[in-house]
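Q: Please take a close look at one part of this structure. I would like to see how its helices pack and what surrounds them.

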Amino acid sequence: MPRPIIIQFVSRTVKEEVWKLSREARVCKEKKIIFKKYFSKEDREAREKLWPRVDEARRRGKKAFLKEGYAIIDGKKCSMSVLFTSLNVRGLKNLTKRKALFLFCKELKANLIFLQETHSSTADEKFWKQQWGDNVLYSHGTNYSAGVMILCNRLTGKVISHIGDKDGHWLIAAIEICDQTIIVLSIYGYNNKVNNRSMLEKLGRLVNEWKAVHMTDKVVMGGDFNIAPNSWLDRLPPRGQQPENNEVLHNFCIETNTFDYWRLNNPTNLEYTWISASNRNQRSRLDYWLISHSISNNVQKCEITASPLTDHCLISLSLLVTKQPRSSGNIWKLNNRLLSNDFFFANK
């Protein structure tokens with residue numbers, strides 16, 4: 001009965017040479033020895049997502065193949081897309097509403113879904129996770145207010161660590177995707193200006209601490225901040241005698257070295273994410289993405305779209321993430337026999 005043997009090579013060059021020669025080696029054919037590459041769970045999931053693009057490229061006559069966690073098409077590295085979405089759900093205690101919104105989120109095919117105002121509690125964790133069918137991160141509020149969650153959906157990567165606010169207003173996590181660490185933060189802002197200022201000042205320090213601990217400058221923050229970034233562009237009707245940027249949010253962006261991606265790419269657009277139920281003419285853009293400058297060129301799209309069962313719109317952000325190739329250089333090793341060689345020491 002044949003049994004598998006795992007071989008770990010110290011050199012990628014040697015591994016590739018053995019892999020190549022084994023295909024036509026006579027001894028392998030006679031002994032029915034088969035060499036197969038072993039991939040980590042993250043690499044297998046990345047290859048599964050990238051394969052349709054490789055297959056399509058080959059059909060068009062392009063030279064395309066898969067590597068460990070990424071693809072090469074006509075000599076160019078093909079990245080993997082990670083889709084973020086965020087939505088203020090206005091409570092998930094109702095079973096019918098929760099099932100409907102979970103189904104809505106599944107249909108989006110997003111990988112990381114930030115939810116605010118979930119009204120969750122510790123007692124809900126196990127059942128809600130079973131309903132969702134994948135990993136769920138919680139920061140609980142009360143049965144009637146606050147609470148944030150991050151839903152994972154076929155995420156090609158892993159959660160390194162996470163912590164949540166005891167009052168259910170934020171949840172921060174370090175996510176490893178394609179050997180890159182991204183700090184993600186789901187936020188539900190206070191209606192009170194003083195509390196919002198205090199929370200964002202604390203989060204500014206926390207984000208910088210996490211960037212240092214996890215040695216990354218990649219940050220994605222999203223949610224319902226309960227702050228309109230600009231008094232004219234992001235409110236209807238406009239407030240004040242002239243347009244002004246919110247000072248608290250502005251300072252938070254400077255502290256974390258992030259910016260409002262949607263507004264930068266839509267400098268004059270008037271779109272809103274919240275509509276008053278009592279007055280349809282009162283609207284604000286309270287939901288948005290704040291991201292690091294270092295990943296701004298990797299954004300594929302950033303959109304505001306309608307959503308069911310809530311007075312907030314869905315915001316989405318698609319980010320390209322490329323697996324960083326490991327060094328293929330050989331490992332140098334000292335020949336221990338030289339230590340007992342008198343000629344070697346005499347001519348050092």
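A: What follows starts with a pair of packed helices and then moves outward.

This is a predicted model, so local features need pLDDT of at least 70, side-chain atom pairs count only at pLDDT 80 or more, and totals for chains, interfaces and linings use all residues. Residues are numbered from 1 along each chain as its sequence is written, and side-chain values use heavy atoms, with hydrogens and water left out.

Two packed helices are described by the angle between their axes and the distance between the axes. Take helix 6 and helix 7 (residues 247-256). Their axes come within 9 Å and cross at roughly 10°. Axes here are lines fitted to C-alpha atoms, for helices over the stretch in contact, and angles run from 0 to 180 degrees between N-to-C directions. Helices (H or I, at least four residues) and strands (E, at least two) are DSSP runs, numbered from the N terminus. Helix 6 and helix 7 are therefore roughly parallel to each other. Angles under 35 degrees count as roughly parallel, over 145 as roughly antiparallel, 65 to 115 as roughly perpendicular and the rest as oblique.

Who makes the contact (heavy atoms within 4.5 Å)? From helix 6 come Asn 196, Arg 197, Leu 200, Leu 203, Gly 204, Arg 205, Val 207, Asn 208 and Lys 211. Helix 7 supplies Glu 247, Val 248, Phe 252, Glu 255 and Thr 256. By class, the residues of this contact are five nonpolar, four polar and five charged. Ala, Val, Leu, Ile, Met, Phe, Trp, Tyr, Cys and Pro count as nonpolar, Asp, Glu, Lys and Arg as charged, and the others, Gly among them, as polar.

Now look at Gly 204, in helix 6 (residues 193-213). Gly 204 counts as buried because its relative accessibility is 0%. Buried means under 20% relative accessible area, exposed over 50%, partly exposed in between (1.4 Å probe, protein chains only). Leaving aside neighbours within four places in sequence, Gly 204 is in contact with Phe 252, Glu 255 and Thr 256. Gly 204 and Cys 253 are 49 residues apart in sequence, yet 8.2 Å apart in space, C-alpha to C-alpha.

Next, the cores. A nonpolar core is a set of buried Ala, Val, Leu, Ile, Met, Phe, Trp, Tyr and Cys residues joined through side-chain atoms within 4.5 Å. The largest has 35 residues, and those with the most contacts inside it are Phe 84, Ile 177, Val 184, Val 220, Trp 289 and Ile 291. Another core lies apart from it, with 22 residues. Val 207 and Val 248 are among them, as are Trp 170 and Trp 210.

The backbone leading up to helix 7 also deserves a look. The peptide bond from Leu 236 to Pro 237 is cis, with omega near 0°. Pro 237 sits in the loop between strand 12 (235-236) and helix 7. Most residues other than glycine have a negative phi, and most peptide bonds are trans.

Compare another helix pair. The axes of helix 4 (residues 95-108) and helix 5 (residues 125-132) come within 10 Å and cross at roughly 45°. Helix 4 and helix 5 are therefore oblique to each other. Their contact has six nonpolar, one polar and three charged residues.

Finally, the setting. The protein chain has nine helices and 18 strands. Of its 348 residues, 45% count as buried.

Note on methods:
Contact means heavy atoms within 4.5 Å.
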